[in-house]
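Colleague: I'd like to go through this fold with you and hear the reasoning behind the labels. Can you pull it up?

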Amino acid sequence: MHVLILGGTAEARQLAAELDRRPGLRVTTSLAGRVAQPRLPAGEVRIGGFGGAEGLAAWLYEHGADALVDATHPFATIISANAATAARSTGIPLIALRRAGWEATPGDRWHPAADLADAASLLPALGRRIFLTTGRLGLAAFAELDQLHFLVRSVEPPDPPLPRDSEILLDRGPYTVEGERDLLLARTVDVLVTKDSGGPATSAKLTAARQLGLPVVVVRRPPAPQGVLVAQDVSEVLRHLSPGAADTCP
Ligand code: NAP
(Lines give C-alpha, C1' and ligand atoms only; values in the text may rest on other atoms or scores of the structure.)
Protein backbone atom coordinates (compact mmCIF):
# COMPACT_ATOMS: atom_id res chain seq x y z
CA MET A 1 0.00 0.00 0.00
CA HIS A 2 1.28 3.48 -0.89
CA VAL A 3 -0.07 6.45 1.11
CA LEU A 4 0.49 10.06 0.06
CA ILE A 5 0.38 12.52 2.97
CA LEU A 6 -0.06 16.20 2.17
CA GLY A 7 2.07 17.58 4.98
CA GLY A 8 3.56 20.69 6.51
CA THR A 9 2.28 20.06 10.06
CA ALA A 10 3.41 18.22 13.21
CA GLU A 11 0.54 15.73 12.80
CA ALA A 12 1.66 14.92 9.26
CA ARG A 13 5.13 14.06 10.61
CA GLN A 14 3.63 11.91 13.39
CA LEU A 15 1.50 10.05 10.86
CA ALA A 16 4.44 9.51 8.50
CA ALA A 17 6.49 8.09 11.39
CA GLU A 18 3.69 5.67 12.31
CA LEU A 19 3.11 4.51 8.73
CA ASP A 20 6.82 4.23 7.96
CA ARG A 21 7.15 1.63 10.75
CA ARG A 22 4.57 -0.67 9.15
CA PRO A 23 5.97 -3.46 7.03
CA GLY A 24 4.78 -3.49 3.44
CA LEU A 25 3.56 0.09 3.58
CA ARG A 26 5.13 2.88 1.53
CA VAL A 27 4.57 6.44 2.70
CA THR A 28 5.37 9.64 0.83
CA THR A 29 4.92 13.10 2.35
CA SER A 30 4.44 16.11 0.11
CA LEU A 31 5.65 19.52 1.29
CA ALA A 32 4.80 22.80 -0.40
CA GLY A 33 8.40 24.05 -0.28
CA ARG A 34 7.59 27.28 1.58
CA VAL A 35 10.26 26.78 4.25
CA ALA A 36 13.97 26.69 3.36
CA GLN A 37 14.87 24.06 5.96
CA PRO A 38 11.70 22.06 6.67
CA ARG A 39 11.48 19.45 9.41
CA LEU A 40 11.58 16.30 7.34
CA PRO A 41 9.21 13.42 8.08
CA ALA A 42 10.06 9.70 8.02
CA GLY A 43 9.58 7.88 4.72
CA GLU A 44 9.82 9.39 1.26
CA VAL A 45 9.46 13.15 0.74
CA ARG A 46 8.60 15.19 -2.32
CA ILE A 47 8.67 19.00 -2.35
CA GLY A 48 6.76 21.56 -4.41
CA GLY A 49 3.29 22.10 -5.87
CA PHE A 50 1.61 19.49 -8.09
CA GLY A 51 0.08 21.96 -10.50
CA GLY A 52 -3.47 22.06 -9.17
CA ALA A 53 -5.97 19.25 -8.62
CA GLU A 54 -5.22 17.73 -12.03
CA GLY A 55 -1.50 17.60 -11.27
CA LEU A 56 -2.19 15.96 -7.93
CA ALA A 57 -4.49 13.40 -9.58
CA ALA A 58 -1.77 12.63 -12.14
CA TRP A 59 0.81 12.19 -9.38
CA LEU A 60 -1.48 9.76 -7.51
CA TYR A 61 -1.90 7.64 -10.68
CA GLU A 62 1.75 7.74 -11.72
CA HIS A 63 3.02 6.76 -8.27
CA GLY A 64 0.46 4.03 -7.62
CA ALA A 65 -1.01 5.72 -4.54
CA ASP A 66 -3.75 3.77 -2.77
CA ALA A 67 -4.78 6.43 -0.26
CA LEU A 68 -4.43 10.18 0.25
CA VAL A 69 -4.27 11.91 3.64
CA ASP A 70 -4.69 15.67 3.71
CA ALA A 71 -2.75 16.55 6.87
CA THR A 72 -2.10 20.17 5.88
CA HIS A 73 -2.72 23.14 8.14
CA PRO A 74 -6.43 23.97 8.69
CA PHE A 75 -5.89 27.32 6.90
CA ALA A 76 -4.30 25.74 3.79
CA THR A 77 -7.58 25.82 1.90
CA ILE A 78 -6.40 25.58 -1.71
CA ILE A 79 -4.46 22.34 -1.37
CA SER A 80 -7.32 20.84 0.69
CA ALA A 81 -9.83 21.69 -2.03
CA ASN A 82 -7.44 20.24 -4.62
CA ALA A 83 -7.13 17.04 -2.58
CA ALA A 84 -10.92 16.66 -2.49
CA THR A 85 -11.17 17.20 -6.26
CA ALA A 86 -8.31 14.82 -7.03
CA ALA A 87 -9.77 12.12 -4.78
CA ARG A 88 -13.15 12.42 -6.53
CA SER A 89 -11.63 12.26 -10.00
CA THR A 90 -9.30 9.31 -9.28
CA GLY A 91 -11.53 7.38 -6.84
CA ILE A 92 -8.56 7.23 -4.45
CA PRO A 93 -9.72 7.34 -0.81
CA LEU A 94 -9.11 10.63 1.01
CA ILE A 95 -8.97 11.29 4.74
CA ALA A 96 -8.59 14.84 6.03
CA LEU A 97 -6.66 15.04 9.31
CA ARG A 98 -7.96 18.15 11.10
CA ARG A 99 -6.82 18.84 14.63
CA ALA A 100 -9.55 20.39 16.79
CA GLY A 101 -9.67 24.18 17.06
CA TRP A 102 -8.83 25.96 20.31
CA GLU A 103 -11.58 26.60 22.89
CA ALA A 104 -11.73 29.74 25.04
CA THR A 105 -11.48 29.10 28.78
CA PRO A 106 -12.44 31.34 31.73
CA GLY A 107 -10.23 34.42 31.81
CA ASP A 108 -9.71 34.52 28.05
CA ARG A 109 -10.50 37.82 26.29
CA TRP A 110 -10.98 36.51 22.77
CA HIS A 111 -12.33 38.55 19.86
CA PRO A 112 -13.34 36.32 16.94
CA ALA A 113 -12.53 37.53 13.42
CA ALA A 114 -13.85 36.14 10.16
CA ASP A 115 -10.54 36.59 8.34
CA LEU A 116 -7.32 38.64 8.42
CA ALA A 117 -9.03 41.81 7.12
CA ASP A 118 -11.63 41.54 9.88
CA ALA A 119 -8.85 40.99 12.44
CA ALA A 120 -7.11 44.15 11.21
CA SER A 121 -10.31 46.17 11.56
CA LEU A 122 -10.62 45.18 15.24
CA LEU A 123 -7.09 46.20 16.28
CA PRO A 124 -7.22 50.02 16.63
CA ALA A 125 -9.88 49.70 19.35
CA LEU A 126 -7.92 47.05 21.26
CA GLY A 127 -4.37 48.41 21.60
CA ARG A 128 -1.28 49.88 19.96
CA ARG A 129 1.40 47.20 20.28
CA ILE A 130 0.34 44.13 18.33
CA PHE A 131 1.88 40.65 18.36
CA LEU A 132 0.99 39.17 14.96
CA THR A 133 1.37 35.39 14.73
CA THR A 134 -0.76 34.59 11.68
CA GLY A 135 2.15 33.52 9.48
CA ARG A 136 4.11 35.25 6.76
CA LEU A 137 1.36 35.39 4.12
CA GLY A 138 -1.57 37.80 4.02
CA LEU A 139 0.04 40.56 6.07
CA ALA A 140 -1.12 43.12 3.50
CA ALA A 141 -4.40 43.10 5.46
CA PHE A 142 -2.58 45.01 8.24
CA ALA A 143 -0.43 47.24 6.02
CA GLU A 144 -2.61 50.37 6.36
CA LEU A 145 -2.48 50.42 10.16
CA ASP A 146 0.21 53.12 10.39
CA GLN A 147 -0.57 54.11 13.99
CA LEU A 148 0.16 50.66 15.42
CA HIS A 149 3.43 48.85 16.18
CA PHE A 150 3.61 45.24 14.97
CA LEU A 151 5.82 42.45 16.24
CA VAL A 152 5.49 39.91 13.41
CA ARG A 153 6.58 36.33 14.14
CA SER A 154 7.04 33.84 11.31
CA VAL A 155 9.29 30.98 10.27
CA GLU A 156 10.46 32.68 7.06
CA PRO A 157 10.67 36.43 6.37
CA PRO A 158 7.21 37.76 5.48
CA ASP A 159 6.37 39.11 2.04
CA PRO A 160 5.61 42.82 1.63
CA PRO A 161 3.50 44.88 1.94
CA LEU A 162 3.85 45.03 5.73
CA PRO A 163 2.69 47.61 8.24
CA ARG A 164 5.09 50.59 8.31
CA ASP A 165 6.07 50.06 11.97
CA SER A 166 6.92 46.32 11.90
CA GLU A 167 9.56 44.32 13.70
CA ILE A 168 10.17 40.81 12.37
CA LEU A 169 10.88 37.92 14.72
CA LEU A 170 11.97 34.77 12.88
CA ASP A 171 11.17 31.74 15.02
CA ARG A 172 9.33 28.45 14.91
CA GLY A 173 7.43 26.53 17.60
CA PRO A 174 6.86 24.67 19.77
CA TYR A 175 6.83 27.45 22.34
CA THR A 176 6.55 27.43 26.15
CA VAL A 177 4.16 29.48 28.29
CA GLU A 178 7.12 31.00 30.16
CA GLY A 179 8.84 31.96 26.91
CA GLU A 180 5.67 33.50 25.47
CA ARG A 181 4.93 35.37 28.69
CA ASP A 182 8.47 36.78 28.78
CA LEU A 183 8.15 37.87 25.15
CA LEU A 184 4.77 39.57 25.69
CA LEU A 185 6.13 41.44 28.72
CA ALA A 186 9.49 42.36 27.18
CA ARG A 187 7.82 43.81 24.06
CA THR A 188 4.97 45.41 26.07
CA VAL A 189 2.42 43.76 23.79
CA ASP A 190 -1.21 44.98 24.11
CA VAL A 191 -2.94 42.56 21.73
CA LEU A 192 -2.20 39.12 20.31
CA VAL A 193 -3.47 38.11 16.85
CA THR A 194 -3.63 34.43 15.90
CA LYS A 195 -5.34 32.03 13.56
CA ASP A 196 -7.37 29.29 15.26
CA SER A 197 -4.71 26.77 14.30
CA GLY A 198 -5.45 24.38 17.18
CA GLY A 199 -2.96 21.90 18.61
CA PRO A 200 -0.36 22.19 21.37
CA ALA A 201 2.68 23.45 19.39
CA THR A 202 1.61 27.10 19.34
CA SER A 203 -1.05 27.30 22.08
CA ALA A 204 1.31 28.59 24.81
CA LYS A 205 0.76 32.17 23.62
CA LEU A 206 -2.95 31.85 24.48
CA THR A 207 -2.17 30.77 28.03
CA ALA A 208 0.38 33.56 28.40
CA ALA A 209 -2.12 36.14 27.08
CA ARG A 210 -4.76 34.85 29.52
CA GLN A 211 -2.33 35.11 32.45
CA LEU A 212 -1.51 38.69 31.49
CA GLY A 213 -5.16 39.62 30.79
CA LEU A 214 -4.41 40.55 27.16
CA PRO A 215 -7.05 40.56 24.41
CA VAL A 216 -6.57 38.01 21.63
CA VAL A 217 -7.99 38.37 18.13
CA VAL A 218 -8.69 34.82 16.91
CA VAL A 219 -9.21 34.32 13.16
CA ARG A 220 -11.83 31.63 12.60
CA ARG A 221 -11.05 28.59 10.49
CA PRO A 222 -12.26 28.35 6.95
CA PRO A 223 -14.64 25.43 6.44
CA ALA A 224 -13.21 22.06 5.35
CA PRO A 225 -14.19 20.86 1.85
CA GLN A 226 -17.63 19.24 1.71
CA GLY A 227 -18.05 15.49 1.74
CA VAL A 228 -14.56 14.57 2.95
CA LEU A 229 -14.00 12.05 5.73
CA VAL A 230 -12.44 13.99 8.62
CA ALA A 231 -10.25 12.47 11.35
CA GLN A 232 -9.26 14.56 14.38
CA ASP A 233 -6.02 12.80 15.24
CA VAL A 234 -3.37 10.43 13.94
CA SER A 235 -4.82 7.34 15.62
CA GLU A 236 -8.16 7.94 13.89
CA VAL A 237 -6.41 8.13 10.51
CA LEU A 238 -4.55 4.90 11.28
CA ARG A 239 -7.88 3.18 12.08
CA HIS A 240 -9.31 4.27 8.74
CA LEU A 241 -6.22 3.08 6.90
CA SER A 242 -6.07 -0.30 8.61
CA PRO A 243 -6.87 -3.34 6.44
CA GLY A 244 -10.59 -4.07 6.45
CA ALA A 245 -11.71 -0.52 7.31
CA ALA A 246 -14.67 -0.01 5.02
CA ASP A 247 -15.47 3.63 5.63
CA THR A 248 -12.43 5.31 4.08
CA CYS A 249 -13.69 7.99 1.70
CA PRO A 250 -17.32 8.96 1.19
P1 NAP B 1 -2.54 26.66 0.10
O2 NAP B 1 -2.75 28.12 -0.01
O3 NAP B 1 -3.70 25.80 0.48
O4 NAP B 1 -1.94 26.04 -1.24
C5 NAP B 1 -1.39 26.85 -2.28
C6 NAP B 1 -0.64 25.95 -3.22
O7 NAP B 1 0.54 25.46 -2.61
C8 NAP B 1 -1.42 24.70 -3.61
O9 NAP B 1 -2.30 24.97 -4.66
C10 NAP B 1 -0.29 23.75 -3.97
O11 NAP B 1 0.23 24.05 -5.26
C12 NAP B 1 0.80 24.12 -3.01
N13 NAP B 1 0.78 23.28 -1.80
C14 NAP B 1 0.27 23.56 -0.58
N15 NAP B 1 0.50 22.59 0.30
C16 NAP B 1 1.20 21.64 -0.40
C17 NAP B 1 1.75 20.40 -0.04
N18 NAP B 1 1.65 19.90 1.22
N19 NAP B 1 2.40 19.69 -1.01
C20 NAP B 1 2.52 20.17 -2.27
N21 NAP B 1 2.02 21.36 -2.65
C22 NAP B 1 1.37 22.09 -1.73
O23 NAP B 1 -1.34 26.38 1.13
P24 NAP B 1 -0.64 27.36 2.20
O25 NAP B 1 -1.68 27.89 3.15
O26 NAP B 1 0.25 28.32 1.49
O27 NAP B 1 0.24 26.31 3.00
C28 NAP B 1 1.38 25.74 2.38
C29 NAP B 1 1.91 24.65 3.28
O30 NAP B 1 2.26 25.20 4.54
C31 NAP B 1 0.91 23.54 3.54
O32 NAP B 1 1.56 22.31 3.32
C33 NAP B 1 0.50 23.71 4.98
O34 NAP B 1 0.29 22.47 5.64
C35 NAP B 1 1.67 24.47 5.58
N36 NAP B 1 1.25 25.43 6.61
C37 NAP B 1 0.31 26.39 6.31
C38 NAP B 1 -0.09 27.29 7.29
C39 NAP B 1 -1.15 28.32 7.04
O40 NAP B 1 -1.47 29.09 7.96
N41 NAP B 1 -1.73 28.38 5.85
C42 NAP B 1 0.48 27.20 8.58
C43 NAP B 1 1.45 26.20 8.84
C44 NAP B 1 1.82 25.33 7.85
P45 NAP B 1 -0.26 23.28 -6.57
O46 NAP B 1 -1.64 23.79 -6.85
O47 NAP B 1 0.76 23.64 -7.60
O48 NAP B 1 -0.27 21.81 -6.24
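Colleague: Where does Thr 188 lie?

Modeller: Thr 188 is in the loop between H5 and E10. Before we go on, keep in mind that this is a predicted model.

Colleague: What makes Thr 188 stand out in that loop?

Modeller: Its backbone: phi is positive, about 45 degrees, although Thr 188 is not a glycine.

Colleague: Which peptide bonds are cis, and how do you know that?

Modeller: By omega. The bond from Pro 160 to Pro 161 has omega near 0 degrees, and that bond is cis. Pro 161 is in the loop between E8 and E9. A cis bond also joins Gly 173 and Pro 174, again with omega about 0 degrees. Pro 174 sits in the loop between E9 and H5.

Colleague: How is the chain divided into domains?

Modeller: Domain 1 takes 2–100 + 222–248, and domain 2 takes 109–219. These bounds come from an automatic or database domain assignment. The C-alpha centres of the two domains lie 29 Å apart. Their contact takes 11 residues from domain 1 and 13 residues from domain 2.

Colleague: Let's take the sheets. What is the strand order in the sheet that holds E1, and is the pairing parallel or antiparallel?

Modeller: That open sheet has 6 strands in the order E3-E2-E1-E4-E5-E12, and the pairing is parallel.

Colleague: Why are E3 and E12 called edges?

Modeller: Strand E3 (44–47) and strand E12 (229–231) each have a single partner strand, so each is left with one side that has no neighbour in the sheet. From one strand to the next, the twist averages 25 degrees.

Colleague: How do you know that E5 and E12 pair?

Modeller: Count the bridges. Pairing needs at least two, and strand E5 (residues 94–97) has 3 bridges with E12, in the parallel sense. One bridge partner to look up is Ala 231 in E12, which goes with Leu 97.

Colleague: What packs on that sheet, and which strands are touched?

Modeller: Helix H1 (residues 10–20) does, touching strand E1 (2–6), strand E2 (26–31), strand E4 (67–70) and E5. The direction of H1 makes about 165 degrees with that of E1.

Colleague: Why is the pair H2 and H3 called oblique?

Modeller: Helix H2 (residues 52–62) and helix H3 (residues 77–90) pack at about 50 degrees, with axes 8 Å apart. Under 35 degrees would be roughly parallel, and roughly perpendicular begins at 65. The angle fits neither class, and H2 and H3 are therefore oblique to each other. Their crossing is right-handed.

Colleague: Which residues meet there, and how do they divide by class?

Modeller: Gly 52, Ala 53, Leu 56, Ala 57, Leu 60 and Tyr 61 in H2 meet Asn 82, Ala 83, Thr 85, Ala 86, Ser 89 and Thr 90 in H3. By class, that contact has 7 nonpolar, 5 polar and no charged residues.

Colleague: On to the other sheet. What makes E6 and E9 the edge strands?

Modeller: This open sheet has 6 strands, with parallel pairing and the order E6-E11-E10-E7-E8-E9. Strand E6 (109–113) and strand E9 (166–170) each pair on one side only. Neighbouring strands here are turned by 20 degrees against each other on average, direction ignored.

Colleague: How many bridges join E10 to E11?

Modeller: Strand E10 (residues 191–195) and strand E11 (residues 215–219) run parallel and are joined by 4 bridges; the cut-off for pairing is at least two. Val 219 in E11 is the bridge partner of Lys 195.

Colleague: Which strands do H5 and H6 lie across?

Modeller: H5 lies across strand E7 (129–132), strand E8 (149–154) and E9, at about 155 degrees to E8. H6 lies across E6, E8, E10 and E11, at about 155 degrees to E10.

Colleague: And why is the pair H5 and H6 called oblique?

Modeller: Helix H5 (residues 177–186) and helix H6 (residues 204–212) pack at about 55 degrees, with axes 8 Å apart. That value falls in neither the roughly parallel nor the roughly perpendicular class, and H5 and H6 are therefore oblique to each other. H5 passes H6 in a right-handed crossing. The contact includes Glu 180 and Arg 181 of H5 and Lys 205 of H6. By class, its residues divide into 7 nonpolar, 2 polar and 3 charged.

Definitions and conventions: Residues are numbered from 1 along each chain as its sequence is written. This is a predicted model: local features need pLDDT of at least 70, side-chain atom pairs count only at pLDDT 80 or more; totals for chains, interfaces and linings use all residues. Side-chain values use heavy atoms; hydrogens and water are left out. Axes are lines fitted to C-alpha atoms, for helices over the stretch in contact, and angles run from 0 to 180 degrees between N-to-C directions. Helices (H or I, at least four residues) and strands (E, at least two) are DSSP runs, numbered from the N terminus. Angles under 35 degrees count as roughly parallel, over 145 as roughly antiparallel, 65 to 115 as roughly perpendicular and the rest as oblique. A crossing is left-handed if the near helix is turned anticlockwise from the far one by less than a right angle, and right-handed if clockwise. Contact means heavy atoms within 4.5 Å. Ala, Val, Leu, Ile, Met, Phe, Trp, Tyr, Cys and Pro count as nonpolar, Asp, Glu, Lys and Arg as charged, and the others, Gly among them, as polar.
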